[in-house]
Amino acid sequence: MLFLEETPLHGDIGVVLRTCWDHAPLNIAVTALPLVTIRPETKALYIHQREHAIVRKLPDEFPFEWLGADDATTCHILIVRERQTGMSACVHLDGGRTTYTLNRLFATMLEMLPPASETHMDVHLLGGFEDDRGTSFLLSFEVFRFFMKYGPVLFPTLRLHIQTCLLGPHNTDTRGKHKVPKLSGCALHLATGALHPAHFEDEARGPAALLPL
(Lines give C-alpha, C1' and ligand atoms only; values in the text may rest on other atoms or scores of the structure.)
Protein backbone atom coordinates (compact mmCIF):
# COMPACT_ATOMS: atom_id res chain seq x y z
CA MET A 1 0.00 0.00 0.00
CA LEU A 2 1.27 3.46 -0.91
CA PHE A 3 1.12 6.61 1.22
CA LEU A 4 2.04 10.25 0.64
CA GLU A 5 3.81 10.70 3.96
CA GLU A 6 0.96 9.34 6.15
CA THR A 7 -1.97 9.80 3.73
CA PRO A 8 -3.11 6.68 1.80
CA LEU A 9 -3.04 6.97 -1.99
CA HIS A 10 -5.62 5.37 -4.26
CA GLY A 11 -6.91 5.69 -7.80
CA ASP A 12 -5.38 6.40 -11.19
CA ILE A 13 -1.62 5.85 -11.37
CA GLY A 14 -0.94 9.02 -13.35
CA VAL A 15 -2.97 11.13 -10.93
CA VAL A 16 -1.17 9.64 -7.93
CA LEU A 17 2.21 10.28 -9.58
CA ARG A 18 1.40 13.93 -10.21
CA THR A 19 -0.03 14.31 -6.70
CA CYS A 20 3.29 13.15 -5.26
CA TRP A 21 5.56 15.27 -7.43
CA ASP A 22 3.34 18.35 -6.96
CA HIS A 23 3.45 18.06 -3.15
CA ALA A 24 5.67 21.08 -2.51
CA PRO A 25 6.96 20.21 1.01
CA LEU A 26 8.51 16.99 -0.34
CA ASN A 27 10.47 18.85 -2.99
CA ILE A 28 11.41 21.84 -0.85
CA ALA A 29 12.73 19.61 1.92
CA VAL A 30 15.46 18.03 -0.19
CA THR A 31 16.35 20.97 -2.46
CA ALA A 32 16.79 23.28 0.54
CA LEU A 33 19.54 21.10 2.00
CA PRO A 34 23.22 21.72 1.22
CA LEU A 35 24.91 19.46 -1.28
CA VAL A 36 27.01 16.75 0.36
CA THR A 37 30.26 15.87 -1.41
CA ILE A 38 31.22 12.23 -0.95
CA ARG A 39 35.00 11.83 -1.09
CA PRO A 40 37.13 8.66 -1.29
CA GLU A 41 37.85 8.69 2.44
CA THR A 42 34.12 8.75 3.25
CA LYS A 43 32.58 5.45 4.30
CA ALA A 44 30.05 5.30 1.48
CA LEU A 45 28.46 2.70 -0.75
CA TYR A 46 27.87 3.97 -4.29
CA ILE A 47 25.21 2.37 -6.49
CA HIS A 48 25.96 2.31 -10.19
CA GLN A 49 23.34 2.22 -12.95
CA ARG A 50 21.29 -1.02 -12.85
CA GLU A 51 22.72 -1.94 -9.44
CA HIS A 52 20.98 -2.17 -6.12
CA ALA A 53 22.14 -2.82 -2.57
CA ILE A 54 20.68 -3.41 0.89
CA VAL A 55 22.47 -2.28 4.05
CA ARG A 56 21.66 -3.19 7.65
CA LYS A 57 23.34 -2.85 11.03
CA LEU A 58 26.02 -5.46 11.76
CA PRO A 59 25.47 -5.80 14.70
CA ASP A 60 25.30 -2.36 16.36
CA GLU A 61 26.32 0.03 13.61
CA PHE A 62 26.11 0.34 9.86
CA PRO A 63 29.16 -0.70 7.79
CA PHE A 64 28.85 2.56 5.82
CA GLU A 65 27.98 6.15 6.66
CA TRP A 66 26.29 7.01 3.36
CA LEU A 67 24.33 5.09 0.72
CA GLY A 68 23.46 6.66 -2.61
CA ALA A 69 23.95 7.26 -6.31
CA ASP A 70 24.76 10.05 -8.76
CA ASP A 71 24.59 11.01 -12.45
CA ALA A 72 20.86 10.32 -12.81
CA THR A 73 19.56 12.18 -15.86
CA THR A 74 16.50 10.30 -17.09
CA CYS A 75 17.39 7.57 -14.58
CA HIS A 76 15.72 7.45 -11.15
CA ILE A 77 17.38 6.87 -7.78
CA LEU A 78 15.14 5.04 -5.32
CA ILE A 79 16.13 4.84 -1.65
CA VAL A 80 13.99 3.06 0.93
CA ARG A 81 14.44 2.75 4.70
CA GLU A 82 12.57 0.40 7.02
CA ARG A 83 11.38 2.39 10.01
CA GLN A 84 11.99 -0.06 12.85
CA THR A 85 15.45 -1.42 12.02
CA GLY A 86 16.88 1.26 9.75
CA MET A 87 17.60 -1.33 7.08
CA SER A 88 18.05 0.67 3.88
CA ALA A 89 18.32 0.02 0.18
CA CYS A 90 19.23 1.98 -2.93
CA VAL A 91 18.56 1.15 -6.57
CA HIS A 92 19.63 3.08 -9.69
CA LEU A 93 16.84 2.52 -12.22
CA ASP A 94 17.34 3.20 -15.93
CA GLY A 95 14.15 1.73 -17.36
CA GLY A 96 15.50 -1.78 -17.86
CA ARG A 97 13.64 -4.57 -15.99
CA THR A 98 12.13 -2.08 -13.55
CA THR A 99 9.32 -4.30 -12.26
CA TYR A 100 11.65 -7.29 -11.85
CA THR A 101 14.24 -5.18 -10.02
CA LEU A 102 11.73 -3.67 -7.59
CA ASN A 103 10.13 -7.05 -6.95
CA ARG A 104 13.51 -8.57 -6.16
CA LEU A 105 14.51 -5.63 -3.96
CA PHE A 106 11.43 -5.64 -1.73
CA ALA A 107 11.24 -9.44 -1.59
CA THR A 108 14.83 -9.61 -0.36
CA MET A 109 14.31 -6.86 2.21
CA LEU A 110 11.21 -8.54 3.63
CA GLU A 111 13.04 -11.87 3.82
CA MET A 112 15.79 -10.20 5.88
CA LEU A 113 13.32 -8.61 8.31
CA PRO A 114 11.46 -10.30 11.17
CA PRO A 115 7.90 -11.34 10.24
CA ALA A 116 5.38 -8.57 10.93
CA SER A 117 1.73 -7.84 10.23
CA GLU A 118 2.82 -4.54 8.67
CA THR A 119 6.22 -3.31 7.48
CA HIS A 120 6.56 0.46 7.04
CA MET A 121 9.26 1.89 4.78
CA ASP A 122 10.10 5.49 3.93
CA VAL A 123 10.60 6.06 0.21
CA HIS A 124 12.78 8.66 -1.51
CA LEU A 125 12.64 9.12 -5.30
CA LEU A 126 14.92 11.50 -7.17
CA GLY A 127 15.86 11.83 -10.81
CA GLY A 128 14.46 12.35 -14.23
CA PHE A 129 13.44 15.68 -15.74
CA GLU A 130 11.23 17.00 -18.53
CA ASP A 131 13.26 15.51 -21.37
CA ASP A 132 11.96 15.98 -24.90
CA ARG A 133 11.41 12.26 -25.49
CA GLY A 134 9.40 11.71 -22.31
CA THR A 135 11.76 8.97 -21.14
CA SER A 136 11.77 10.21 -17.55
CA PHE A 137 7.98 10.29 -17.31
CA LEU A 138 7.69 6.74 -18.62
CA LEU A 139 10.10 5.51 -15.95
CA SER A 140 8.30 7.46 -13.22
CA PHE A 141 5.02 5.92 -14.34
CA GLU A 142 6.54 2.44 -14.34
CA VAL A 143 7.80 2.86 -10.76
CA PHE A 144 4.42 4.10 -9.54
CA ARG A 145 2.66 1.33 -11.43
CA PHE A 146 4.67 -1.13 -9.37
CA PHE A 147 3.82 0.74 -6.17
CA MET A 148 0.09 0.91 -6.96
CA LYS A 149 -0.63 -2.26 -8.94
CA TYR A 150 1.94 -4.98 -8.27
CA GLY A 151 3.29 -4.13 -4.82
CA PRO A 152 0.01 -4.54 -2.91
CA VAL A 153 -0.55 -7.97 -4.52
CA LEU A 154 2.99 -9.27 -4.11
CA PHE A 155 3.64 -7.74 -0.68
CA PRO A 156 0.31 -7.17 1.12
CA THR A 157 1.99 -6.31 4.44
CA LEU A 158 4.26 -3.64 2.92
CA ARG A 159 3.47 0.01 3.59
CA LEU A 160 5.45 2.49 1.47
CA HIS A 161 5.53 6.13 2.60
CA ILE A 162 6.64 8.65 -0.06
CA GLN A 163 8.88 11.19 1.70
CA THR A 164 10.74 12.60 -1.31
CA CYS A 165 9.48 12.76 -4.90
CA LEU A 166 11.74 15.05 -6.88
CA LEU A 167 10.85 13.99 -10.42
CA GLY A 168 9.82 15.43 -13.76
CA PRO A 169 9.00 19.15 -13.86
CA HIS A 170 10.13 19.76 -10.29
CA ASN A 171 13.58 18.39 -11.06
CA THR A 172 14.05 20.43 -14.23
CA ASP A 173 16.29 23.45 -14.79
CA THR A 174 17.01 25.32 -18.04
CA ARG A 175 20.56 26.06 -19.20
CA GLY A 176 20.51 28.10 -22.36
CA LYS A 177 18.09 26.33 -24.67
CA HIS A 178 18.37 22.97 -22.95
CA LYS A 179 16.48 21.37 -20.09
CA VAL A 180 18.66 19.58 -17.53
CA PRO A 181 18.09 17.85 -14.17
CA LYS A 182 18.11 20.13 -11.16
CA LEU A 183 19.58 17.37 -8.97
CA SER A 184 21.17 14.18 -10.26
CA GLY A 185 22.52 12.60 -7.08
CA CYS A 186 21.49 11.91 -3.50
CA ALA A 187 22.68 9.98 -0.49
CA LEU A 188 21.06 8.63 2.66
CA HIS A 189 22.82 9.11 5.99
CA LEU A 190 22.35 5.61 7.33
CA ALA A 191 22.52 6.38 11.03
CA THR A 192 19.88 9.13 10.93
CA GLY A 193 17.83 8.30 7.84
CA ALA A 194 18.29 11.85 6.50
CA LEU A 195 18.39 12.27 2.71
CA HIS A 196 20.74 14.85 1.18
CA PRO A 197 21.51 16.03 -2.35
CA ALA A 198 24.92 14.53 -3.04
CA HIS A 199 27.80 14.43 -5.46
CA PHE A 200 30.13 11.42 -5.42
CA GLU A 201 33.68 12.13 -6.53
CA ASP A 202 34.95 9.63 -9.10
CA GLU A 203 37.25 7.89 -6.64
CA ALA A 204 34.38 7.50 -4.16
CA ARG A 205 32.20 5.54 -6.57
CA GLY A 206 32.82 2.12 -5.18
CA PRO A 207 33.46 -0.49 -4.16
CA ALA A 208 32.10 -1.79 -7.49
CA ALA A 209 35.14 -3.95 -8.22
CA LEU A 210 35.15 -5.49 -4.75
CA LEU A 211 31.42 -5.75 -4.13
CA PRO A 212 29.47 -6.52 -7.33
CA LEU A 213 25.73 -6.24 -6.81
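The following exercises, each with a worked solution, concern a predicted model.

The model is predicted, so local features need pLDDT of at least 70 and side-chain atom pairs count only at pLDDT 80 or more, while totals for chains, interfaces and linings use all residues. Residues are numbered from 1 along each chain as its sequence is written, and side-chain values use heavy atoms, with hydrogens and water left out.

**Exercise 1. Determine how Phe 106 and Phe 146 are arranged as an aromatic pair, and which parts of the chain they tie together.**

Step 1. Rings of Phe, Tyr and Trp (its six-membered ring) pair if their centres lie within 6.5 Å; planes under 30 degrees apart count as stacked, over 60 as edge-to-face and the rest as tilted. The structure holds 6 aromatic pairs.

Step 2. For Phe 106 and Phe 146, the centres are 6.1 Å apart and the planes make an angle of 10°, so the pair is stacked.

Step 3. Helices (H or I, at least four residues) and strands (E, at least two) are DSSP runs, numbered from the N terminus. Phe 106 belongs to helix 3 (residues 98-112) and Phe 146 to helix 4 (residues 135-154); the pair therefore ties together parts that are 40 residues apart in sequence.

Step 4. Both Phe 106 and Phe 146 are buried, where buried means under 20% relative accessible area, exposed over 50% and partly exposed in between (1.4 Å probe, protein chains only). Together with Phe 144 and Phe 147, they form one aromatic cluster.

**Exercise 2. State how many disulfides there are, and examine Cys 165 and Cys 186.**

Step 1. A disulfide is a covalent bond between the sulfur atoms of two cysteines. The criterion applied here is a pair of cysteine sulfur atoms within 2.5 Å. By this rule the count is 0.

Step 2. For Cys 165, the nearest cysteine sulfur is that of Cys 20, at 5.1 Å, and Cys 165 is in no disulfide. Its relative accessibility is 0%, so Cys 165 counts as buried.

Step 3. Cys 186 is likewise in no disulfide, the nearest cysteine sulfur being that of Cys 90, 6.5 Å away. Cys 186 is buried, with a relative accessible area of 2%.

**Exercise 3. Describe the pairing of strand 8 (residues 88-93) and decide whether its residues are buried or exposed.**

Step 1. Strands of a sheet pair through backbone hydrogen bonds, either parallel or antiparallel. Two strands pair if DSSP finds at least two bridges between them.

Step 2. Strand 5 (residues 52-55) is joined to strand 8 by 4 bridges and runs antiparallel to it; Ile 54 has Ala 89 as its bridge partner. Strand 7 (residues 76-82) is also antiparallel to strand 8, with 6 bridges, and Leu 78 has Val 91 as its bridge partner.

Step 3. The hairpin of strand 7 and strand 8 has 5 residues between the strands, and Gly 86 takes a positive phi near 80°.

Step 4. In strand 8, 6 of the 6 residues are buried, so the strand is largely enclosed by the rest of the structure. Ser 88, Cys 90 and His 92 cover one side, and Ala 89, Val 91 and Leu 93 the other; all are buried.

**Exercise 4. Identify which strands stand at the edges of the open sheet with the order 3-14-13-6-4.**

Step 1. This open sheet consists of 5 strands, and its pairing is mixed.

Step 2. Strand 3 (36-38) and strand 4 (44-46) are at the edges; each has a single partner strand, so one side of each is left without a neighbour in the sheet.

Step 3. Strand 4 runs parallel to strand 6 (residues 66-69), joined by 3 bridges. Ala 44 has Trp 66 as its bridge partner in strand 6.
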